[in-house]
Amino acid sequence: QWGQKKIKAPEAWDTTTGSSDVVAAVIDTGVTYDHPDLKDNMWRDEGGDGRYGMMFHDNGSATVITGIGGTANAAMTDWERVGDVSGHGTHVAGIIGAVGDNSTGVAGVNWKVKILTVGVFSYIPSWDDTSAYDSDTMKGLNYIADLKRSGVNIVAANMSLGGARELQSDNSAYGQAIKAASKAGDKGILICMAAGNDGEDLDAPKEWFRKGERFYPACFKYENTISVGALKKEENGALSPDG
C-alpha cells in the first residue's frame, strides 16, 4: 500500500472514502467481478439485465457480462473469456476501488465506488497472450458514452493501455472516440490514460527508435483527459519513474 501513502490517500480518507453513487469505468482486460475484495464495489445494471459490463472481442463479437455461467477466466471459447482475460484489469480495478476497512486484500483509493467492466482485450491462444484492437477500444469508449447519456453516473474512465505509433491526428477515429466519451452527458467523463512505462518525454521521445512516434492514447489532448505516469518502488525502498 506504499502507493496510497505516496499520493496521500490516508489524508484524503479523513474527508471521504468514496461513494457508491460514483461509477468508474475500467477499460482494460476485464475485471474479476466475483473477486472477494471487489465484488461489493462492482457496478451492475440493476434496472436492466443485471450485467456487470461488456467485453468486446477481436473477432467482432461482444459478450454481456452477467455473472451467470462462469467467473474470471472461464472460457466460453478459446477467443472469448468472461471476467478478466489476463488479470491486469482486476489489478487496476483494485487500485481504483478495492473495498476498504474489510480485513481483506488491499484498500483502493476509493473504499466505496462502483466499478464498471469494459473488456477490450482478447486472449490469443497462439501467442498465449492478450491483444486489443483500436476498434474494440473505440467500441468500449462508445459504450460508456452511451451509458453516461442514459443516466449512469460514470465520473471517470481508466485506460491503462496503449503503445507507441506514428503521429496521430486529434481528428483520427480513435481520438474522436475519446473526445466524444470525455464530453458525454452533462459533465462528461474524465478519461485517464497511462503514459506508458518507457520513462520517455511523451511530447519529445529521445530514444532513436521512438523518433517520429508518440504514445497513444496518452498523447491525445482534450479538455477532459489526463495522462498519468507512475512510480515504482526499488528494492532499497527508493522511488523512481516506472520504466
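Ile115 sits at 0% relative accessibility and so counts as buried (under 20% relative accessible area, with over 50% called exposed and anything in between partly exposed, using a 1.4 Å probe and protein chains only). The model is a predicted one, in which local features need pLDDT of at least 70 and side-chain atom pairs count only at pLDDT 80 or more, while totals for chains, interfaces and linings use all residues. Residues are numbered from 1 along each chain as its sequence is written, and side-chain values use heavy atoms, with hydrogens and water left out.

Ile115 belongs to strand 6; helices (H or I, at least four residues) and strands (E, at least two) are DSSP runs numbered from the N terminus. Leaving aside residues up to four places away in sequence, Ile115 touches Ala24, Val26, Val31, Asn41, Met42, Trp43, Ala93, Ile96 and Gly97, where contact means heavy atoms within 4.5 Å. Lys39 is 76 residues from Ile115 along the chain, yet their C-alpha atoms are separated by 9.2 Å.

Ala93, Ile96 and Gly97 from that set of neighbours turn up again among the buried residues of helix 3, which also include Gly89, Thr90, Val92 and Gly94. Helix 3 (residues 88-97) is mostly covered, with seven of its ten residues buried. The cover over these buried residues includes strand 1 (18-28), strand 6 (112-119) and strand 9. Past the end of this helix, the loop between helix 3 and strand 6 holds Ser103. Here phi is near 55 degrees, a positive value for Ser103, a residue other than glycine. Ser103 is exposed, with a relative accessible area of 83%.

Helix 5 (residues 173-182) tells a one-sided story. Its buried residues are Tyr174, Gly175, Ala177, Ile178, Ala181 and Ser182. These residues cover an arc of only 160 degrees around the axis, so they fall on the same side of helix 5; the arc is that of the directions from the helix axis to the C-beta atoms. The buried residues of helix 5 pack against helix 4 (134-149) and against four strands: strand 9 (154-159), strand 10 (163-166), strand 11 (190-194) and strand 13 (225-228). Ser169 is placed in the loop between strand 10 and helix 5. At 41% relative accessibility, Ser169 counts as partly exposed. Its C-alpha atom is separated by 9.9 Å from that of Cys219, 50 residues apart along the chain.

A few other loop positions deserve a mention. Between strand 12 (213-216) and strand 13, the loop contains Pro217, and the peptide bond from Tyr216 to Pro217 is cis, with omega near 10 degrees. Gly199 is in the loop between strand 11 and strand 12. With 60% relative accessibility, Gly199 counts as exposed, and the C-alpha atoms of Gly199 and Ala230, 31 residues apart along the chain, are separated by 9.4 Å. Lys8 lies in the loop between helix 1 (2-6) and helix 2 (9-13). Phi of Lys8 is near 65 degrees, a positive value in a residue other than glycine, and at 52% relative accessibility Lys8 counts as exposed.

As for the overall fold, the protein chain has five helices and 15 strands. Its radius of gyration is 18 Å, close to the 18 Å that the globule rule gives for 243 residues, so the chain is as compact as a globular protein of that length; the radius is taken over C-alpha atoms, and the rule is 2.2 Å times the number of residues to the power 0.38. Along its principal axes the C-alpha trace spans about 50 × 45 × 40 Å. Of the 243 residues, 42% are buried. Among contacts between residues at least 6 apart in sequence, 67% join residues at least 24 apart.

On the outside, the protein chain exposes about 12400 Å², and carbon and sulfur atoms supply 50% of that area; accessible areas come from the Shrake-Rupley method with a 1.4 Å probe, and for residues only the protein chains shown count as cover. The chain carries 23 positive and 33 negative side chains, and the centres of the two sets lie 5 Å apart. Lys and Arg count as positive and Asp and Glu as negative, with His and the chain ends not counted; each charge is placed at NZ of Lys, CZ of Arg, CG of Asp or CD of Glu.
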